[in-house]
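Student: Could you pick one part of this model and take me through it slowly, then show me how it sits within the rest? I'm happy with bench talk, but please spell out any cut-offs as you go.

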Amino acid sequence: MGEVFVGRQPILNEKNEIFGYELLFRDSEKNYAIIKDNIEATARVILNLLVYMDFHKIIGSKKGFINVNPDMLEGDFIELLPPKHTVFEISNITKIDEYLISTCKNLKDKGYEIALDGLVYCDLISPFFDYIDYVKVSVQGSYEENDLSKTVKFLKKFDLKLIAQKVETEEDFIVAKELGFDYFQGFYFEEPQIYKDRQVSSFKLTLIKLLRSAITHEDLSKIEDIFKGNPDLSYKLLKFINSPFFYIRQNIKSIRQALSLLGYQNLQKWVLLQIFSLDWTDIKSNPLLERAVIRGRMLEVLIEKSRAPKETHEKAFITGMLSLMDTVLGKSMDEILSELKIDQEIKDAILSCKGILGAILKAIILLEKNEIKKIKAVIKDTGIGVEDVLTAEIEGIIFYENLINSY
């Protein structure tokens with residue numbers, strides 16, 4: 001099991017809600033990107049998803065985009081994946097013939113969806129589009145806007161959805177939206193510009209006050225008073241702590257009882273979840289919440305395997321989630337951490353990637369950017385390895401899926 005890894009990158013709709021995931025397959029550090037037989041590699045990955053990882057837990061109710069080349073479509077093993085949630089993303093097409101078209105038609109008839117990536121699109125391949133659901137088009141950086149516009153205009157003639165990929169900058173995103181892309185994928189969506197909210201609501205201010213009280217271990221009676229003044233918040237807390245996520249056998253009937261059982265550390269986590277999900281009607285489609293929870297859980301898992309002293313362990317989850325708080329609040333991280341009276345070790349980790357918490361946080365961010373080769377140098381003094389980081393991502397994803405299913 002030490003060599004079973006998976007990553008995933010969200011694909012968002014025009015409302016910045018998660019529509020699906022491109023599944024990023026990873027092996028050990030040594031074997032990463034060294035694939036001599038694509039069919040064998042894909043078979044191993046699908047086996048891992050179905051047997052070891054639980055495909056449904058990895059993608060939840062979303063679509064899972066699986067990268068394949070045309071040769072892989074020949075194997076029956078790909079049909080082990082659930083049709084309702086699987087999109088086969090075909091790349092490296094050298095020719096479009098009757099066999100490829102009939103293969104795609106067969107998969108479509110069985111309920112699968114098909115995406116194309118990396119083709120030069122023209123009228124000659126128009127008949128192929130009858131069996132295609134999505135087309136990916138790169139909009140990164142140095143595109144020629146006229147060429148991109150022509151490509152989109154051509155593809156819009158067909159009954160399919162367009163995915164703008166490699167959306168790296170604000171310019172990329174604006175152009176893609178104006179051109180009429182249906183979905184968007186790229187590192188830009190972890191940047192602050194999309195999620196800025198400089199007008200902080202009174203309810204959000206209440207949550208920040210509550211978070212500060214949990215961080216400073218204020219007397220529970222004063223924390224209870226905050227809940228008494230916010231019935232909606234009280235209801236959410238009681239509903240959450242009575243959910244299967246906590247496995248508490250007795251029903252919780254009061255805020256004081258809930259606070260006592262939660263403890264300050266779990267209360268911090270819960271309040272952070274509320275802050276991140278506040279502006280979303282469907283929290284399961286919130287890419288920022290997903291990334292924050294996965295970061296927090298990964299830090300928890302990795303810090304326990306590291307050389308960090310015990311007192312650092314309890315700081316891990318909140319460090320991961322707070323590292324994206326500036327995106328949520330539209331304020332500088334310095335200002336936010338100052339308001340919350342955050343522990344100096346956490347501050348150093350978030351602001352400067354200092355200390356063991358900072359090193360592991362930096363490694364997680366590198367993994368999010370798929371810069372795996374840089375991780376080893378970052379964590380060399382922490383007592384963990386690259387494989388630990390990759391494995392922790394799986395645990396983070398499963399933790400997130402279990403958590404949001406408790407809402």
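Tutor: Let's start with pairing: two strands count as paired if DSSP finds at least two bridges between them. Strands themselves are DSSP runs of E with at least two residues, while helices are runs of H or I with at least four, and both are numbered from the N terminus. Keep in mind that this is a predicted model, where local features need pLDDT of at least 70 and side-chain atom pairs count only at pLDDT 80 or more, while totals for chains, interfaces and linings use all residues. Residues are numbered from 1 along each chain as its sequence is written, and side-chain values use heavy atoms, with hydrogens and water left out.

The part I'd pick is the run of paired strands from β3 to β7. Begin at β3 (residues 63-68), which runs parallel to β4 (residues 86-90), with five bridges joining them. You can find that pairing by eye: F65 in β3 sits across from V87 in β4, and V68 has I90 as its bridge partner.

How covered are these strands? Here buried means under 20% relative accessible area, exposed means over 50%, and partly exposed is in between (1.4 Å probe, protein chains only). Five of the six residues in β3 are buried, so β3 is largely enclosed by the rest of the structure. For β4, five of its five residues are buried. Look at how the β4 side chains split: T86, F88 and I90 point one way, V87 and E89 point the other way, and all are buried. Notice that E89 is among those buried residues.

Now step across to the next strand. β4 also pairs with β5 (residues 113-117), again in the parallel sense, this time over four bridges. F88 is your landmark here, standing opposite I114. From β5, three bridges lead on to β6, and those two strands run parallel; L116 is matched with V135 in that step. β6 (residues 134-138) is mostly covered, with four of its five residues buried. Then β6 runs parallel to β7 (residues 161-165), joined by five bridges, and K136 has I163 as its bridge partner.

Zooming out, the chain has 18 helices and eight strands. Of its 407 residues, 53% are buried. Contact means heavy atoms within 4.5 Å. Among contacts in the chain with a separation of 6 or more, 65% are between residues 24 or more positions apart. The chain exposes about 19100 Å², with carbon and sulfur atoms supplying 47% of that; accessible areas come from the Shrake-Rupley method with a 1.4 Å probe, and for residues only the protein chains shown count as cover.

For a helical counterpart, go to α16 (residues 355-368). Its 14 residues reach 20 Å from first C-alpha to last, close to the 20 Å expected at 1.5 Å a residue; that expected span is 1.5 Å times one less than the number of residues. Eleven of the 14 are buried, so α16 is largely enclosed by the rest of the structure. The buried ones include I356, L357, A359 and I360. After α16 comes N370, with a positive phi near 65°.

Two loop residues touch α16 residues. One is K315, in the loop between α11 (310-313) and α12 (316-322). K315 is buried at 15% relative accessible area. Not counting residues up to four places away in sequence, K315 touches D343, E345, I346 and L357. Its side chain makes a polar contact with the side chain of D343 at 3.2 Å. A polar contact is a pair of N or O atoms within 3.5 Å; within protein, one must be able to donate a hydrogen and the other to accept it, and residues adjacent in sequence count only if both atoms are side-chain atoms.

The other is T382, between α17 (375-378) and α18 (386-404). T382 is buried, at 3%, and beyond its neighbours within four places its contacts are S306, R307, I356, A359 and I360. A polar atom of the T382 side chain lies 3.4 Å from the backbone nitrogen of I384.

One cysteine check to finish. Taking a disulfide as a pair of cysteine sulfur atoms within 2.5 Å, the count is zero. C104 is buried at 0%, while C353 is partly exposed at 29%.
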